[in-house]
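What follows is a walk through one protein chain, from its strands to its helices and cores. Keep the sequence and the model open while reading.

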Amino acid sequence: MGEFGGFITDKLEIKFLILYIADRLVQPAPFEMIQELAMCDKGVEYFDFADCMADLVRTGHLQLEHDKYAITQKGRENIRACESHLPYTVRLQVDKNMASFNNALRRSSLVTSKLSERPRGGYTLTLSLSDEKDNIMKLELLVTQERMGRQLERNFQRRAEEIYNALIELLYEQ
């Protein structure tokens with residue numbers, strides 16, 4: 001994602017930018033994702049950005065739940081009224097970058113994994129792949145070490161569709 005300009009000049013514009021981004025994300029997003037989208041303008045500095053995120057949560061424009069930020073109704077109403085105060089070139093850049101971020105958010109909600117410790121030792125790794133409507137695959141595995149479970153989780157997160165297709169192919173073999 002290329003940086004440009006320095007069109008953002010103060011914290012109020014950073015807040016507008018954050019709300020503009022949050023309003024266009026398909027679901028709640030982690031701090032880092034919103035930050036990456038906001039850093040498309042050289043006028044946005046990390047510490048100002050972090051302060052603005054905290055202010056927006058404190059004032060009820062954003063909601064923080066499970067380490068993800070979502071815009072509230074108050075935030076939506078405010079950005080609709082103030083969106084034109086955000087420099088046009090910044091809005092264009094955010095809109096251009098938004099598609100890949102929304103695709104990543106959609107996919108992360110469809111590919112899930114959970115590692116939980118078993119009472120008698122070991123771990124249960126639950127892997128799930130869904131489409132927009134329903135669960136396509138749910139797989140539970142016993143793993144003996146947490147480190148192994150975390151590695152399997154990472155691999156599944158990256159290659160869930162490939163794993164699903166390979167499993168189906170193996171099951172259909174004559």
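**Strands, helices and cores**

Strands E3 and E4 form a hairpin with five residues between them, and in its turn Gly121 has a positive phi of about 105°. The model is a predicted one, and the values below are computed from it.

The two strands of this hairpin, E3 (residues 111-117) and E4, run antiparallel and are joined by seven bridges. Two pairs of residues help to place them against each other. Ser116 stands opposite Thr124 of E4, while Val111 stands opposite Leu129 of E4.

A second hairpin follows, made by E4 and E5 with four residues between them. Here E4 pairs with E5 (residues 135-143) in the antiparallel sense, over eight bridges. Within this pairing, Leu127 has Leu139 of E5 as its bridge partner.

Together the strands make an open sheet of three, in the order E3-E4-E5, with antiparallel pairing. E3 and E5 are the edge strands, each pairing on one side only. On average, neighbouring strands of this sheet are turned by 15° against each other, direction ignored. Strands of a sheet pair through backbone hydrogen bonds, either parallel or antiparallel.

Is E4 mostly covered or mostly uncovered? E4 (residues 123-130) is mostly covered, with eight of its eight residues buried. In a regular strand the side chains alternate between the two faces of the sheet. In E4, Tyr123, Leu125, Leu127 and Leu129 point one way, Thr124, Thr126, Ser128 and Ser130 point the other way, and all are buried.

Two helices can be placed relative to these strands. H5 lies across E3 and E4 and runs at about 45° to E3. Helix H6 (residues 146-172) packs on the sheet and touches E3, E4 and E5, its direction making about 150° with that of E3.

Now turn to the helices earlier in the chain. Helix H1 (residues 11-24) packs against helix H4 (residues 73-82) at an angle of about 115°, and their axes are 9 Å apart. The crossing of H1 and H4 is left-handed. H1 brings Phe16, Leu19, Tyr20 and Asp23 to the contact, and H4 brings Gly75, Arg76, Ile79, Arg80 and Cys82. By type, the residues of this contact of H1 with H4 are five nonpolar, one polar and three charged.

In soluble globular proteins, nonpolar side chains tend to be buried together. Which residues touch the most other members of the largest nonpolar core? That core has 34 residues, and the ones that touch the most other members are Leu17, Ile18, Ile21, Ile34, Phe49 and Leu62. At least two residues of this core come from each of H1, helix H2 (31-38), helix H3 (46-58), strand E2 (68-71), H4 and helix H5 (88-110). H1 gives the most to this core, with eight residues.

Ile34 shows how such a member is surrounded. Its neighbours within four places in sequence left aside, Ile34 is in contact with Ile18, Ile21, Leu25, Ala29, Phe49, Met53 and Tyr69. Apart from this core lies another, of 10 residues, including Tyr123, Leu127, Met137 and Phe156. Tyr123 and Leu127 were met above, among the residues of E4 that point one way.

Terms used. Residues are numbered from 1 along each chain as its sequence is written. This is a predicted model: local features need pLDDT of at least 70, side-chain atom pairs count only at pLDDT 80 or more; totals for chains, interfaces and linings use all residues. Side-chain values use heavy atoms; hydrogens and water are left out. Axes are lines fitted to C-alpha atoms, for helices over the stretch in contact, and angles run from 0 to 180 degrees between N-to-C directions. A crossing is left-handed if the near helix is turned anticlockwise from the far one by less than a right angle, and right-handed if clockwise. Contact means heavy atoms within 4.5 Å. Ala, Val, Leu, Ile, Met, Phe, Trp, Tyr, Cys and Pro count as nonpolar, Asp, Glu, Lys and Arg as charged, and the others, Gly among them, as polar. A nonpolar core is a set of buried Ala, Val, Leu, Ile, Met, Phe, Trp, Tyr and Cys residues joined through side-chain atoms within 4.5 Å. Buried means under 20% relative accessible area, exposed over 50%, partly exposed in between (1.4 Å probe, protein chains only). Two strands pair if DSSP finds at least two bridges between them.
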